[in-house]
Amino acid sequence: MTEDGSAAAAQAGAPGSSADQPWPVRSVAVKVAQWIDRLGSVWVEGQVTQINLRPGTRTAFLVLRDTSADMSLSVTCDPELLRRSPVPLTEGSRVVVYGKLQFFTGRGTLSLRVTEIRPVGIGELLARIERLKALLAAEGLFDARRKRPLPFLPGTVGLITGRASAAERDVLTVAQSRWPAVRFVVKNTATQGPTAVPQMLEALAALDRDPAVDVIVLARGGGSTEDLLAFSDEALCRAIAAATTPIVSAIGHEPDSPLSDLVADVRAATPTDAAKRIVPDAAAELAGVREMRARSAAALRGWVQRETHIIAQLRSRPVLADPLRELRHRHEEVERLRLAARRTVEQTLRTESTAAAHLREKLTAVGPAATLARGYAVVQRVAGPERHVVRTIEDAPAGSQLRIRVADGAVSAAALGTQRLTPATDDKGN
């Protein structure tokens, strides 16, 4: 019968039982004993938390606790099993037992009657840790890309550590000396033994739910490999990986490396190193601020000096030293060009005036008036209103009315006759 089947049967009422006809306690106890007896023998692993071995008794009583959960089981065995164990069994020992569950109807109790006990040696534990390490690595729980950065200045730090332990003292002392304003929420738990993992899981869950906690530190001092086994527990490693708050693992000393160091966001070599990682050093930060202020002031002074030098160079340039200088130069150049243009125009006018005078003199010398002044005359035949210049004797036959133009006037005349000149006659006439 499964658990769900048992619950259904309990709700519906088992066959043969009712509110009017209930089963007696003995019937229920017997049926439970018969059902448990059918389970057979099983191998069980756990951690011994209590051993009750009284001299002269024929039964030894133990309490076997789960290493990852707050669950335990009563175990009984022959005292000779404990005495013949190759490794002395003490409280906290990890064992694998073989036995059969028994339900005692008289007391209504359940216990595991074991016939074989095998201590789990350190070699087997280390081998299991290596197998778990490979499994978690394959799932990516060690991947650096999933690591969360620590806040620069956390307001509140959660601390999970042993009560009044050296690890707690180191973390609190160093952190508060570096940054006095830091606040801590301390969860004291067992850090070894059968109750360590359940208590640390509970403390981790509580701190992770607290919105005021900015970072969680899991700290413990050094110890043997067996003492640090709780920090390689699978349940604890998965809880660290699933947490939303950054977690710092500071377990043991430098050589110690439980699996929690690999899963956590930051691994600190020691609790003191964890304190240095979670909060900055106030003195160093103040020194850094002073240095940055000095460097900033020096940089600003250098920049002002450079800009002042540039301005001085600009002011020393002629265009800024005497802004009107170039205008004066341009004005002088324009004035010089204007005068030169004026001189050129005047020279051109004089030259052209002289040339025009010369041409006028030439025209005057070759003009009709000058010719008439030298004794020549212009003879025109008057024929009514028209006048024709006489060029040949055919133009002025005898009796023609003539107008003779001389230098100072005109003379009217008539042609008496014509005479053709010959070279001889011309010579005589001259």
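This passage describes the domain division of a predicted model, the interface of domain 1 and domain 2, and an aromatic pair. Local features require pLDDT of at least 70 and side-chain atom pairs count only at pLDDT 80 or more, whereas totals for chains, interfaces and linings use all residues. Residues are numbered from 1 along each chain as its sequence is written, and side-chain values use heavy atoms, with hydrogens and water left out.

An automatic or database domain assignment divides the protein into domain 1 (25–120), domain 2 (125–280), domain 3 (287–320) and domain 4 (369–415). The centres of domain 1 and domain 2, taken over C-alpha atoms, are separated by 34 Å. Contact (heavy atoms within 4.5 Å) involves 12 residues of domain 1 and 10 residues of domain 2. The two domains bury about 830 Å² between them, 55% of it on carbon and sulfur atoms; buried area is the accessible area (1.4 Å probe) lost when two parts are put together, summed over both. On the side of domain 1 that touches domain 2, strand 1 (41–52) and strand 4 (94–104) each supply at least two residues, strands being DSSP runs (E, at least two residues) numbered from the N terminus. Strand 1 provides the largest share of that side, three residues.

In the whole structure, one aromatic pair is found, defined by ring centres of Phe, Tyr or Trp (its six-membered ring) within 6.5 Å. Trp43 and Tyr98 form this pair, 4.7 Å centre to centre with 45° between the planes, and the arrangement is tilted (neither stacked, under 30 degrees, nor edge-to-face, over 60). Because Trp43 lies in strand 1 and Tyr98 in strand 4, the pair ties together parts that are 55 residues apart in sequence.

Key
Helix = DSSP H or I, 4+ residues; strand = E, 2+ residues; numbered from the N terminus.
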